[in-house]
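Here's a quick tour of a fold, written for someone who likes to have the coordinates open alongside. Have a look at the model first, then read on.

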Amino acid sequence: MNNSIINIVYCTDSNYLEHVGVSITSIVLNNKHHNIHFHIFLYDVSEEEKNKLKEISSSITLYSIPINELNKYSDIQNNKIKHINRSMYIRLSVPRLLPDYVDKFIYLDADILCFGDISPILNINIDSVVCAVTPDSLDANNMLQNKERLNLASQKYFNSGFLYINTQNWKKFDTENKANQILLSPQNFNLLYPDQDALNIVLQDQVTYIDVKWNYLFTWMNDQEKENFFDNKECLPRFIHFTGARKIWYQEHKGLAQNLYCFYKHFTPWSNSSLKSYKSKMRVNDYRIYSISYLKNKKFIESAKYYLHYLKLKLFKK
């Protein structure tokens, strides 16, 4: 198999399919001269939606996730993180389910957009590790908190939304089973971010850390930085990761992040579909955050409405 092929994997259900389509489109538009193949693992997706995805690129292979692969995760509860779903656990089994010729691949979450040339990934040596990763935070204190919470020997804690995986090493190290033992164990490992925490415990001495430009979290930028961050193409990250529950594809999340998402969405088969509302999914604290956001933009009435709703829910909760 041609070693210059860059293999990229996503795992999704119908809820995130459009966003995977937008993410793929951002990669295609920024890497027109590279040989990239996309492997999409999905479940609960209609033929119509699958066909839309295939329209984006001829280099897309779709895989149906066997229901038994999902069912084993159905009992995992996480009361702190409401926006996750079972498809995120499938990344653990991807190296086993992929064709044998895929020796290395990039795994990406659906909330990642590409802003540059990703061919340098082929120069990153992962022959002696399970995968290449990027830190989950630029703040040393945050890293320390996660180290202490999970009792890690490693000083670092990585974000699992981007992983550059050596397929054979992943399988040889029995990564999937080791992570599942933690995820499915009745013991309390103090997991806040289930699969990410499990992978950090299992792989703490089996990873190599690479430049944060491979998985740059949008939340690392302050409002001032966002104003001019995209002006200099030379400094742009290869991937920007829009983490958190208040996703860029919700109507209420107006601003630069949503504008970037809509730009790439325009080039997809979903270009005419309107952005969905986040209101039905909103948590108590979201109202406070939106209130602050409106206040910063001098929209005082909207800010007051959201803050009063926040106080009402907070008091009712007590």
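Let's start with a loop residue: L138 touches V212, Y216 and W220, leaving aside residues up to four places away in sequence. This is a predicted model, by the way. L138 sits in the loop between strand 6 (131-135) and helix 5 (140-150). Another residue to look at from here is L217: its C-alpha is 9.5 Å from that of L138, although the two are 79 residues apart in sequence. Is L138 buried or exposed? With a relative accessible area of 53%, L138 is exposed, since the cut-off for that class is over 50%.

Now for the sheets. One is an open sheet of seven strands in the order 3-2-1-4-7-6-8, and its pairing is mixed. Strand 3 (60-64) and strand 8 (207-209) are the edge strands, each pairing on one side only. Direction ignored, neighbouring strands here are turned by 25° against each other on average. Helix 8 packs on this sheet, where it touches strand 7 and strand 8, and its direction makes about 55° with that of strand 7.

Strand 2 (residues 36-42) has six of its seven residues buried, so it is largely enclosed by the rest of the structure.

The other sheet is open too, with three strands in the order 5-10-9 and mixed pairing. Why is one side of strand 5 (112-114) and of strand 9 (216-217) left without a neighbour in the sheet? Both stand at the edges with a single partner strand each, so there is nothing in the sheet on the other side. Helix 1 (residues 17-30) packs on this sheet, touching strand 5 and strand 10, and its direction makes about 15° with that of strand 5.

Here are some of the strand pairings from the two sheets, side by side:

| Strand pair | Bridges | Direction | Residues standing opposite |
|---|---|---|---|
| strand 1 (residues 6-12) and strand 2 | seven | parallel | N7 and H37 |
| strand 1 and strand 4 (residues 104-108) | two | parallel | V9 and Y107 |
| strand 5 and strand 10 (residues 239-241) | three | antiparallel | C114 and F239 |

Next, the helix pair. The axes of helix 7 (residues 175-183) and helix 8 (residues 194-202) come within 9 Å and cross at roughly 120°. Helix 7 and helix 8 are therefore oblique to each other. The crossing of helix 7 past helix 8 is right-handed. On the helix 7 side, the residues in contact are T175, K178, A179, I182 and L183, and they meet P194, D195, A198, L199, I201 and V202 of helix 8. Sorted by class, that contact has eight nonpolar, one polar and two charged residues.

Finally, a couple of backbone oddities. Most residues other than glycine have a negative phi. N151 isn't a glycine, yet its phi is positive at about 55°. You'll find N151 in the loop between helix 5 and strand 7 (158-166), and at 68% relative accessibility it counts as exposed. D174 is another non-glycine with a positive phi, of about 60°. Its place is the loop between helix 6 (167-172) and helix 7. How exposed is D174? The relative accessible area of D174 is 33%, so it counts as partly exposed.

Definitions and conventions:
Residues are numbered from 1 along each chain as its sequence is written. This is a predicted model: local features need pLDDT of at least 70, side-chain atom pairs count only at pLDDT 80 or more; totals for chains, interfaces and linings use all residues. Side-chain values use heavy atoms; hydrogens and water are left out. Axes are lines fitted to C-alpha atoms, for helices over the stretch in contact, and angles run from 0 to 180 degrees between N-to-C directions. Helices (H or I, at least four residues) and strands (E, at least two) are DSSP runs, numbered from the N terminus. Angles under 35 degrees count as roughly parallel, over 145 as roughly antiparallel, 65 to 115 as roughly perpendicular and the rest as oblique. A crossing is left-handed if the near helix is turned anticlockwise from the far one by less than a right angle, and right-handed if clockwise. Contact means heavy atoms within 4.5 Å. Ala, Val, Leu, Ile, Met, Phe, Trp, Tyr, Cys and Pro count as nonpolar, Asp, Glu, Lys and Arg as charged, and the others, Gly among them, as polar. Buried means under 20% relative accessible area, exposed over 50%, partly exposed in between (1.4 Å probe, protein chains only). Two strands pair if DSSP finds at least two bridges between them.
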